[in-house]
Amino acid sequence: NNTCPFCSFCPENIWCEVPQVVAVWDSFPITDGHLLIVPTTHVQSLFELDTLIQTQLWSFVSQCRHELVQRLGV
């Protein structure tokens, strides 16, 4: 979708990705280490995601947070 801001990230903004979920550096960060964690499936709400993808997403959020704490001390 060409109008979706979450469909085409600049490769240099991608911090990490796993199947179904990607973490990108926010273009307008409010704090150090501000990431956007985005599912690769188009939905209007996270709660519309398949339960397995929701589980993967929240696990990935936890992994990203751990890495940010370790690497950046945020």
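Strands here are DSSP runs of E at least two residues long, numbered from the N terminus. Keep that handy for the exercises below, and remember that this is a predicted model.

**Exercise 1. The largest pocket**

Work out which strand gives the largest share of the lining of the largest pocket, and what kinds of residues make up that lining.

Solution.
- Start with the pocket itself: its volume comes to about 290 Å³.
- Next, look at who sits around it. There are 16 lining residues, and C4, F6, V38, P39 and T41 are the closest to the centre.
- Now sort the lining by element. Strand β3, residues 35-39, supplies four residues, the largest share.
- Finally, sort by chemistry. You get eleven nonpolar residues, five polar ones and no charged ones.

**Exercise 2. An odd backbone angle**

Find out where Q20 lies and what stands out about its phi.

Solution.
- Place the residue first: Q20 is in the loop that links β1 (14-18) to β2 (21-25).
- Check the angle. Phi of Q20 is near 80°, so you have a positive value in a residue that isn't glycine.
- Compare that with the general rule: most residues other than glycine have a negative phi.
- Last, look at exposure. Q20 has a relative accessible area of 32%, and because that falls between the 20% and 50% cut-offs, it's partly exposed.

**Exercise 3. The salt bridge**

Track down the partners of the salt bridge and say how each one is exposed.

Solution.
- Searching the whole structure turns up one salt bridge.
- Its partners are E67 and R71, with 2.9 Å between the closest N and O atoms.
- Both residues belong to helix α1 and sit four residues apart, about one turn of the helix.
- Now the exposure. E67 is at 29% relative accessibility, so it counts as partly exposed.
- R71 has a relative accessible area of 59%, so it goes down as exposed.

**Exercise 4. Helix α1, inside and out**

Take L57, W58 and L72 of helix α1 and see what surrounds or exposes each of them.

Solution.
- Begin with L57, which lies in helix α1. Its relative accessible area is 3%, so L57 is buried.
- Measure across to V18: the two residues are 39 apart along the chain, and their C-alpha atoms are separated by 9.1 Å.
- Move on to W58, also found in helix α1 (residues 51-72). Together with L46 and F47, W58 makes a nonpolar surface patch of about 380 Å².
- End with L72, another helix α1 residue. At a relative accessible area of 48%, L72 is partly exposed.
- L72 and G33 are 39 residues apart in sequence, with 7.2 Å from C-alpha to C-alpha.

**Exercise 5. A loop residue and its distant partner**

Locate T31, decide whether it is buried or exposed, and give its C-alpha distance to V74.

Solution.
- T31 sits in the loop between β2 and β3.
- Its relative accessibility is 53%, and exposed means over 50%, so T31 counts as exposed.
- Then compare sequence with space: T31 and V74 are 43 residues apart along the chain, while their C-alpha atoms are 8.8 Å apart.

How values were computed:
Residues numbered from 1 in each chain as written. Predicted model: local features only at pLDDT ≥ 70, side-chain atom pairs only at ≥ 80, totals over all residues. Heavy atoms only, no water. 1 Å grid on protein atoms, 1.4 Å probe; cavity = no way out; pocket = protein on both sides within 12 Å on 5 of 7 lines; lining within 4 Å. Points joined across faces, edges and corners; volume = space filled by probe spheres on them. Nonpolar A, V, L, I, M, F, W, Y, C, P; charged D, E, K, R; others polar. Buried < 20%, exposed > 50% of the residue type's maximum accessible area, 1.4 Å probe, protein only. Patch = residues over 30% accessible without salt bridge, like charges linked within 9 Å, V, L, I, M, F, W, Y side chains within 5 Å. Areas by Shrake-Rupley, 256 points an atom, 1.4 Å probe, with all protein chains shown as cover. Salt bridge = Lys/Arg side-chain N within 4 Å of Asp/Glu carboxyl O.
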